[in-house]
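Student: Could we go through this model together? I would like to hear the reasoning behind the labels.

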Amino acid sequence: MSPFAIIALVLILARATAELWLSRLNQRHVRAHANEVPDAFRGIIDEATYRRSIDYTLGKSCFGDIANVFDVVLLIAVLFSGVLPWAFERFTKNFGTSMVAMAGFLFVTAIALSIPALPFAWYAQFKLEERFDFNTTSMKTWILDRMKGFLLTVLLGYPLLALVLKLIEWTGANWWLWAAAVVVAFQLLLLLIAPAVIMPLFNRFTPLPEGTLRERLFALAQRTDFPTRSIEMMDGSKRSRHSNAFFAGFGHFRKIVLFDTLIAQLTEPELESVLAHEIGHYKKRHVMKLLGVSIAGVFVTFAAIAWLARQQWFYRAFGFEHQGGFAAANVVPAMLLSALLARTISFWLSPLIHIWSRRLEYDADAFARTTMGEAQSLIQALRKLSEKNLSNLTPHPLYGGVYYSHPTLLERERALRTTA
Ligand SMILES: [Zn+2]
């Protein structure tokens, strides 16, 4: 093994060990609080529900550990067995190195590598979620979802990939700038058209029926100067009893979407406060900031790929021949390897991203409180959501620090009360 291959292996194992250790730490913490409802939650959650939330948390966590170990073993096998350079050579021998062939190679490899994850996804949906009565997905829906996802990737992903590879030949040394710009433009276009073209393929959207809820929510949108054309209800119950709300699209195309499950669980003032929180993300420019960060991320990723594609040691470490130059065939191995190693690097960044994301959540909560003129509706909504979704009420602080994009229920309640 080359020195860099050893470094890569150590990095992969370090990430996996850190994840498993954090998961164990959290499981121990949850078990330590399992015997009785902690004081802070008395009167908020009953004994039976609390128990179920513990079981659900531990069930998901143990399953996650197994899936994680499987992933790491598979990743190491794929990276260091020589199967990738072997497949690449076979592929180029049979189909050449045109951009269509090279995009095909990346595509076929990505599909082949995603197959082992299918049984895990199936188990999570039909065993784990089912056991806690969350699953409402039928086998037919599950299979159709995957087929639709596959077709969309073929129709949208494959041409984009081919274009990016073509850009390498067209633009030479600065190809990564062009490629990142094209990918960003594509993502923005997708954000724009998804509500009209893609989301309806998976769910049914119906305008919120006339009535007090609709009036209340439109009044809120007007009061907060949040122009929206429509508020729609999505049949989230088609797949799961978990609940959610979001808005989709930009400007004129924007619509607010509430899961039918959310509407069933919350009262009107609670729903209004949840929507006020979501509007807070928009009004405080969080949506724009997140988009900015994700765009920067695309450019950094392509810069890294372009740099790695010029490093002989990087190719050698994983058994690829390094030819250099600006042809698709010379960059494709760097793309493939970067995709496989992405999580190994991004894991160490996730605490930073989540610290930031939790700050935005506090901000949106504060906005909701100001808009509503009271904090109780949002607190009540958060409690219910936490209960209905069997959220982990007692995460280990370090685990939460690394993984949680939202503050815990207690932290949010405390902030909502103290800043009042
Ligand atoms: Zn939020």
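The questions below take up the metal site and then a pocket.

Tutor: Gladly, and keep in mind that this is a predicted model.

Student: Which protein atoms are the donors of the zinc ion?

Tutor: They are His 277 (NE2), His 281 (NE2) and Glu 361, which appears twice through OE, and they lie 2.0 to 2.8 Å from the zinc ion. Along the chain the donors follow the spacing H-x3-H-x79-E. The pair His 281 and Glu 361 links distant parts of the chain, 80 residues apart: His 281 sits in helix H10 (residues 268–283) and Glu 361 in helix H13 (residues 328–372).

Student: What makes the arrangement around the zinc ion irregular?

Tutor: Look at the angles. Four donors count as tetrahedral if all angles lie between 85 and 135 degrees. Here the four donor atoms subtend angles of 51 to 136 degrees, so the arrangement is irregular.

Student: Why is His 281 called buried?

Tutor: Buried means under 20% relative accessible area. His 281 has 12%, so the label fits. Glu 361, at 7% relative accessibility, therefore counts as buried too.

Student: What makes up the lining of the second largest pocket, by class?

Tutor: The lining has 26 nonpolar, seven polar and three charged residues. The pocket holds about 1200 Å³ of space, and among the residues closest to its centre are Ala 110, Met 335 and Leu 340.

Student: Which helix gives the most to that lining?

Tutor: H13 does, with seven residues. Other elements giving two or more residues include helix H2 (47–80) and helix H6 (139–171).

Note on methods. Residues numbered from 1 in each chain as written. Predicted model: local features only at pLDDT ≥ 70, side-chain atom pairs only at ≥ 80, totals over all residues. Heavy atoms only, no water. Donors = N, O, S within 2.8 Å, 3.2 Å for Na, K, Ca; no water. Tetrahedral: all angles 85-135°; square planar, octahedral: opposite > 155°, others 65-115°. Helix = DSSP H or I, 4+ residues; strand = E, 2+ residues; numbered from the N terminus. Buried < 20%, exposed > 50% of the residue type's maximum accessible area, 1.4 Å probe, protein only. 1 Å grid on protein atoms, 1.4 Å probe; cavity = no way out; pocket = protein on both sides within 12 Å on 5 of 7 lines; lining within 4 Å. Points joined across faces, edges and corners; volume = space filled by probe spheres on them. Nonpolar A, V, L, I, M, F, W, Y, C, P; charged D, E, K, R; others polar.
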